[in-house]
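Welcome, and please open your viewer. Let's walk through this fold together, one selection at a time.

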Amino acid sequence: MPELDNRRKAEGIARLFRERRPIDILPHELMPGTLDEAYRVRQIFEEIETGTRGPVAGYKIGLTTPIMQRLCGVGEPVYGAIFGNEVHHRRADLAARNYCRLGIETEIALRLGEDLPPTGVAGSWRDRVAGAVESCMAAIELLEDLHHDYKRLSAAAMVAGNVWNAGIVIGASVGAWWRLDLARLTARLSINGREIGHGKGGDVMGNPLNALAWLAEARAAAGVPLRRGAIVMTGSMVPIQFPSAGDHAVVEVEGLGTAELVVT
């Protein structure tokens, strides 16, 4: 009865997040045995959560650096869904009490202007997806990690929990993004006016378009290709931060503007 087992795992994981229950590691009885099983659990988790968090608006990509992949015992990134009710534009004011531990990441978001094909394409996925990108945005990813112990990270546990996505804040859309070299763009995260860290688009798999190409191929292989209008969060250029109540975080990406978060 593997599918029933996977559903029970997904329901249990969804309950942990809804109750904002702190854990240092996913309980053994909810842990998927493999990454493939974790994605099956994640799909059920997604179906459960759309009832309250809204339809899927796109996807986030995590574990985009070799260091994080080695730490989690995988050789590729992972992905989870972004829910429509948790897409915030330009600035979000969010209450700290609504999270167990709120994390934020500094990202470039891409929006697709056309459907991607359901199967592999001749030539490079990178070239195909670049032509499908309608606009780019400075972005903040919101994460709920339930106080997970980062020394005990597991890719399977992260995937089963939808890679911890708790929403996004996206800045104004830039349609002429192709005039910019996304790999060279500098991104900065400031909290309360003090710079916390900075990075470049190239820190994400060499180029945010490479991250999108990886996701496009993964979704096509799973039989659920990316569609027009999907927002893709391509990965963080600054290590995760955990703002507190009263903090004002600003992500600024060269050529793409800003996204802001106020934690109340």
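This tour goes from the whole protein to one helix and then to one strand residue.

A word on the source: this is a predicted model, where local features need pLDDT of at least 70, side-chain atom pairs count only at pLDDT 80 or more, and totals for chains, interfaces and linings use all residues. Residues are numbered from 1 along each chain as its sequence is written, and side-chain values use heavy atoms, with hydrogens and water left out.

**Whole protein.** Start with a cartoon view: you should find 6 helices and 12 strands (DSSP runs numbered from the N terminus, H or I of at least four residues for helices, E of at least two for strands). The C-alpha trace spans about 50 × 50 × 35 Å along its principal axes. Of the 264 residues, 53% count as buried (under 20% relative accessible area, 1.4 Å probe, protein chains only).

**Helix 2.** Next, select residues 35–53, which form helix 2. Colour its buried residues, among them Tyr39, Val41, Ile44 and Phe45. An α-helix has 3.6 residues a turn, so residues three or four places apart point the same way. Then step to Gly54, just after helix 2, where phi is positive at about 95°.

**Strand 5.** Now jump to residues 102–112, strand 5, and pick out Thr106. Is Thr106 buried or exposed? Thr106 is buried, with a relative accessible area of 1%. Show what surrounds Thr106: leaving aside residues up to four places away in sequence, Thr106 touches Ala139, Ala187, Arg188, Leu189, Gly235, Ser236, Met237, Val238 and Val251 (contact means heavy atoms within 4.5 Å).

Terms used
Buried means under 20% relative accessible area, exposed over 50%, partly exposed in between (1.4 Å probe, protein chains only).
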